[in-house]
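Dear colleague,

I am passing a structure on to you, and since you have not worked with it before, I have written out below what was found in it. Please keep the model open while you read.

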Amino acid sequence: MTHEIYISRDVDDLGFENAEELISKAVNMALDAENVTVPCLIDAVLTDNEGIRATNREFRQVDAATDVLSFPFNELEPGKFDPALCDRDPETGAILLGDMMISVPRCKEQGEEFGHGFEREIMYLTVHSVLHLLGYDHLDEGPMKKQMREREKMIMGDKD
C-alpha cells in the first residue's frame, strides 16, 4: 500500500537525517498492522522542544514540551478503521488521517533514558501517534490505555 507521508522540519540543525526514513517505516508498520488497506495521507513535523511546547500551549492549553502531538482529522473507533467515515483528499482520494509533531531533542533524550536509542524511540512515537490518528487514546489508566499499549507492543514487536 502506498501512503502519502509528508515530513517537514520546522527548525534547522535538528540532526538525525534518517528520521524521515524511520517515520515512514513506522507509519507503514502501524497502518499495515491496523489493516488499513486504502491510501492515507499523514503530515509529520519534526521540531524542537520550544516548537512542540508552543503548539501544545496553543492547541491543548498545556504550557510544556512533550514528545509527540497528534491531530486526528476523523473520529474513528480503535481497531475498527472504516474509510467511509473519513475525509479524503479531493485531488488524490487518499484518506486524510491527520497530523503529528515530534520533538527530536525529546526523542533523543527518551531514547537514551530508556536505553534503546533514537531510532527505536522515533519509531515508537510515530506508531503511538498513528494509533491516535486511528482513534486510540489513553486518557484513562484503564482499558483504553491498556488497549493502546498492547497495539504499540504488537506493532513494535515487543515481547513483554
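To begin with a strand, β4 is mostly covered, since 8 of its 9 residues are buried. Please bear in mind throughout that this is a predicted model, and that what follows describes that prediction.

**The strands and their pairing**

Strand β4, which takes in residues 95–103, pairs with β2 in the parallel sense, and 8 bridges join the two. Two of the contacts can be followed by residue: Asp-99 in β4 is the bridge partner of Asp-43, and Met-100 in β4 is the bridge partner of Ala-44. Met-100 in β4 is also the bridge partner of Ser-70, and the pairing of β3 with β4 is antiparallel, with 5 bridges.

Strand β2 itself runs over residues 40–47 and is mostly covered as well, with 6 of its 8 residues buried. Strand β1, residues 4–9, pairs with β2 in the parallel sense over 6 bridges, and within that pairing Ile-7 stands opposite Ala-44 in β2. Between β1 and β2 the chain passes through helix α1, residues 19–33, and the β-α-β crossover made in this way is left-handed. When you look along these strands, it may help to remember that side chains in a regular strand alternate between the two faces of the sheet.

Another residue of strand β1 to look at is Ile-5, which counts as buried because its relative accessibility is 17%, under the 20% cut-off. Ile-5 and Cys-40 are separated by 35 residues in sequence, while their C-alpha atoms are 8.1 Å apart in space.

**Helix α4**

How far apart should the ends of α4 be, given its 17 residues? At 1.5 Å a residue the expected span is 24 Å, and the C-alpha atoms at its ends are 25 Å apart, so the two values agree. Of those 17 residues 13 are buried, and α4 is therefore largely enclosed by the rest of the structure. Just after α4 comes Gly-135, which takes a positive phi of about 100°.

**Positive phi outside glycine**

Most residues other than glycine have a negative phi, and with that in mind two residues deserve a look. Asn-35 is not a glycine, yet it has a positive phi of about 55°; its place is in the loop between α1 and β2, and because its relative accessible area is 60% it is exposed. Gln-61, also not a glycine, likewise has a positive phi of about 55°. The loop that holds Gln-61 lies between α2 and β3, and with a relative accessible area of 61% Gln-61 is exposed.

**Two partly exposed residues**

Is Ser-24 buried or exposed, or does it fall in between? Ser-24 belongs to helix α1, and its relative accessibility is 23%, so it counts as partly exposed. From Ser-24 to Asp-67 there are 43 residues in sequence, and the distance in space is 18 Å, C-alpha to C-alpha.

Pro-83 is found in the loop between β3 and β4, and because its relative accessible area is 25% it is partly exposed. Although Pro-83 and Arg-106 are 23 residues apart along the chain, 33 Å separates their C-alpha atoms.

**The largest pocket**

Rolling a probe the size of a water molecule over the atoms shows where empty space is left. In this model the largest pocket holds about 530 Å³ of space. It is lined by 23 residues, and those closest to its centre are Val-68, Ser-70, His-128, His-132 and His-138. Which elements give two or more residues to this lining? They are α2 (49–60), β3 (68–72) and α4 (117–133). Sorted by class, the lining consists of 11 nonpolar, 8 polar and 4 charged residues.

If you would like a place to start on the screen, Ser-70 may serve well, as it is among the residues closest to the centre of the largest pocket and has Met-100 in β4 as its bridge partner. From Met-100 you can then go on to Ala-44, its bridge partner, and from Ala-44 to Ile-7, which stands opposite.

With best wishes

Terms used: Residues are numbered from 1 along each chain as its sequence is written. This is a predicted model: local features need pLDDT of at least 70, side-chain atom pairs count only at pLDDT 80 or more; totals for chains, interfaces and linings use all residues. Side-chain values use heavy atoms; hydrogens and water are left out. On a 1 Å grid over the protein atoms alone, a cavity is a set of points where a 1.4 Å probe fits but cannot get out, and a pocket is an open set with protein on both sides within 12 Å along at least five of seven lines; lining residues have an atom within 4 Å of a point. Grid points are joined across faces, edges and corners, and a volume is the space filled by probe spheres set on the points. Helices (H or I, at least four residues) and strands (E, at least two) are DSSP runs, numbered from the N terminus. Ala, Val, Leu, Ile, Met, Phe, Trp, Tyr, Cys and Pro count as nonpolar, Asp, Glu, Lys and Arg as charged, and the others, Gly among them, as polar. Buried means under 20% relative accessible area, exposed over 50%, partly exposed in between (1.4 Å probe, protein chains only). Two strands pair if DSSP finds at least two bridges between them. A crossover is right-handed if, with the strands pointing away from the viewer, the path from the first strand over the helix to the second runs clockwise. The expected span of a helix is 1.5 Å times one less than its number of residues.
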